Amino acid sequence: MKFTNLTSVKQQVDESVPEYIQRFLDVRSWCYNLSLSDRRLAELASQGLLSSIKERFFSQEFESLAHLMHKILAHESWLQEAKEEQILES
């Protein structure tokens with residue numbers, strides 16, 4: 001597999017961030033001859049996120065895939081809590 005196989009991995013509309021990251025890692029495992037830093041892998045994975053997520057985290061840099069996923073999941077959790085709080089206040 002080639003670098004282009006890795007850069008062509010995109011998050012599907014019905015796919016969660018953890019599912020997407022796992023699929024990205026699966027493709028990465030086939031690109032064993034590529035030497036990429038954790039930061040570069042996170043950058044490549046972030047480019048394949050859904051545009052709504054990608055836009056939200058556009059200006060941030062991630063040190064690893066774990067850091068990327070942690071930030072996104074923390075934000076999604078915060079959004080869910082805010083949504084639930086609004087429902088309770090209504």
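Among contacts in the protein between residues at least 6 apart in sequence, what percentage join residues at least 24 apart? The share is 51%. With that in mind, welcome to a short tour of this predicted model.

**Figure 1. The whole protein is built from helices, with 5 helices and 0 strands.** Reading along the sequence gives the pattern α-α-α-α-α. If you draw a box along the principal axes, the C-alpha atoms fill roughly 55 × 25 × 20 Å. The protein has 90 residues, and buried ones make up 29% of them. Its accessible surface comes to about 6,400 Å², and carbon and sulfur atoms account for 53% of that area. For the charges, take the mean position of the 10 positive ones and that of the 14 negative ones: these two points are 10 Å apart.

**Figure 2. Here we visit Phe3, a residue of helix H1.** Helix H1 covers residues 3-7. Is Phe3 buried, exposed or partly exposed? Its relative accessible area is 31%, so Phe3 counts as partly exposed. Once neighbours within four places in sequence are set aside, the contacts of Phe3 are Leu34, Leu36, Arg40 and Leu44. Take Arg40 as an example: this residue is 37 positions away from Phe3 along the chain, and the C-alpha atoms of the two are separated by 12 Å.

**Figure 3. Tyr20 and Phe24 form an aromatic pair.** A search of the whole structure turns up 2 aromatic pairs. In the pair of Tyr20 and Phe24, the ring centres are 6.3 Å apart and the planes make an angle of 50°, a tilted arrangement. Why are these two residues separated by about one helical turn? Tyr20 and Phe24 are 4 residues apart in helix H2, which spans residues 17-30, and therefore about one helical turn lies between them. Both of these residues are buried.

**Figure 4. Phe57 and Phe62 form another tilted aromatic pair.** From centre to centre the distance is 6.3 Å, and the angle between the planes is 55°. Phe57 is buried, as is Phe62. Look also for Arg56, which lies over the face of Phe57 at 5.3 Å from the ring centre. Phe62 appears again in the next view, as one of the contacts of Leu68.

**Figure 5. Leu68 is a buried residue of helix H5.** Helix H5 runs over residues 65-89. The relative accessibility of Leu68 is 1%, which is why this residue counts as buried. Which residues does Leu68 touch, leaving aside its neighbours within four places in sequence? The contacts are Ile21, Ala42, Ala45, Ser46, Leu49 and Phe62. You can also find Arg39, 29 residues away from Leu68 along the chain; the C-alpha atoms of this pair are separated by 9.6 Å.

**Figure 6. Our last stop is Ser46, in helix H3.** Helix H3 takes in residues 38-47. Is Ser46 buried or exposed? Ser46 has a relative accessibility of 16%, and the cut-off for buried is under 20%, so this residue counts as buried. Apart from neighbours within four places in sequence, Ser46 is in contact with Lys54 and Leu68. The contact with Leu68 links this view to the previous one.

Methods:
Residues numbered from 1 in each chain as written. Predicted model: local features only at pLDDT ≥ 70, side-chain atom pairs only at ≥ 80, totals over all residues. Heavy atoms only, no water. Buried < 20%, exposed > 50% of the residue type's maximum accessible area, 1.4 Å probe, protein only. Contact = heavy atoms within 4.5 Å. Areas by Shrake-Rupley, 256 points an atom, 1.4 Å probe, with all protein chains shown as cover. Lys, Arg positive; Asp, Glu negative; His and termini not counted. Charge placed at Lys NZ, Arg CZ, Asp CG, Glu CD. Phe/Tyr/Trp six-rings, centres within 6.5 Å; stacked < 30°, edge-to-face > 60°. Lys NZ or Arg CZ within 6 Å of the ring centre and 35° of its normal.
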